[in-house]
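Q: Could you take a close look at one helix in this model and walk me through its surroundings? I would enjoy a connected account rather than a list.

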Amino acid sequence: MTRLLVAGVGNIFLGDDAFGPEVLRALERRPLPPGVRARDFGIRGLDLAYELLEGYDVAVLVDAAERGQPPGTLSVIEPDLPDGPGPAAPPEAHGMDPAKVLALAAHLGHGPLPRVLVLACEPQERPRGDEDILPGISAPVADAVDRAVDALHTVVPALLADPAATPRLSRPEESTHDSAAGLAASPSGGVEDR
């Protein structure tokens, strides 16, 4: 049986970075199939790194990511995973960089990481360097929350049936563009939009 994790990541106090936690909250009203672990990790990168070592076949991270698309655009990205244990940067106290979390998980674990996909949403409102708190998410990102829940209800069953499947988003406004603009590169350097 396929083991699948859906993880919301992001800081609820930093504008559109709250996309992941908002999607996980919306999933409470429309749960995923039984056996899928859906959890909001917020900014707890260390918790997510250890969770990735729990024998999952696939992990879907739900996050805001700047990719140069119109705000609210959804993309499915498959980052390159670390080849193995290497130096791991400590998790951040007030943010979560998925690339650093994957590097930390590879450093902590003794086996391969699960396949990782990112359901990303193009943000509109991101805090500037001098802002500590930017409450609320923008209208385009708020509109994308329900579309992300719909996407998960399509992508997750496909991945449960075949963990190697290449899920695609079906709506025309959703991105299938190869650009990785603004997305922090994974430790091995690349991302791929699926």
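A: Happy to; here is a tour of helix α1, with the loop before it and some of its neighbours.

A word on the model comes first. This is a predicted model, in which local features need pLDDT of at least 70 and side-chain atom pairs count only at pLDDT 80 or more, while totals for chains, interfaces and linings use all residues. Residues are numbered from 1 along each chain as its sequence is written, and side-chain values use heavy atoms, with hydrogens and water left out.

For orientation, the protein chain has four helices and six strands; helices (H or I, at least four residues) and strands (E, at least two) are DSSP runs, numbered from the N terminus. From that end, the elements follow the order β-α-β-α-β-β-α-β-α-β. Of the 194 residues, 47% count as buried, where buried means under 20% relative accessible area, exposed over 50%, and partly exposed in between (1.4 Å probe, protein chains only). Among contacts with a separation of 6 or more, 80% come from residues 24 or more positions apart; contact means heavy atoms within 4.5 Å.

Now to α1 itself, which spans residues 19–27 and is mostly covered, with seven of its nine residues buried. Those are Phe19, Gly20, Pro21, Val23, Leu24, Ala26 and Leu27. The cover over them includes the strands β1 (4–9), β2 (36–42), β3 (58–64), β4 (74–79) and β5 (115–121), along with helix α4 (139–161).

The packing against α4 deserves a closer look. Two packed helices are described by the angle between their axes and the distance between the axes. For α1 and α4 the angle is about 55 degrees and the axes are 9 Å apart; axes are lines fitted to C-alpha atoms, for helices over the stretch in contact, and angles run from 0 to 180 degrees between N-to-C directions. α1 is therefore oblique to α4, since angles under 35 degrees count as roughly parallel, over 145 as roughly antiparallel, 65 to 115 as roughly perpendicular and the rest as oblique. On the α1 side, the contact is made by Phe19, Glu22, Val23, Ala26 and Leu27, and they meet Val141, Ala144, Val145, Ala148, Val149, Leu152 and His153 of α4. These residues divide into ten nonpolar, one polar and one charged (Ala, Val, Leu, Ile, Met, Phe, Trp, Tyr, Cys and Pro count as nonpolar, Asp, Glu, Lys and Arg as charged, and the others, Gly among them, as polar).

Step back along the chain and you reach the loop between β1 and α1, where Asp16 is found. Asp16 has a relative accessible area of 0%, so this residue is buried. Leaving out residues up to four places away in sequence, Asp16 touches Ala64, Pro123, Gln124, Glu125, Gly136, Ile137, Ser138 and Val141. Val141 also belongs to the α4 side of the helix contact. Asp17 lies in the loop between β1 and α1 too, and is buried because its relative accessible area is 14%. With the sequence neighbours up to four places away again set aside, Asp17 touches Val9, Gly10, Asn11, Asp63, Ala64 and Arg126. Ala64 thus appears in the contacts of Asp16 and in those of Asp17.

Finally, look across to strand β2, the place of Ala38. Ala38 is partly exposed, with a relative accessible area of 40%. Beyond its neighbours within four places in sequence, Ala38 is in contact with Val6, Leu24, Leu27 and Leu32. Of these, Leu24 and Leu27 are among the buried residues of α1.
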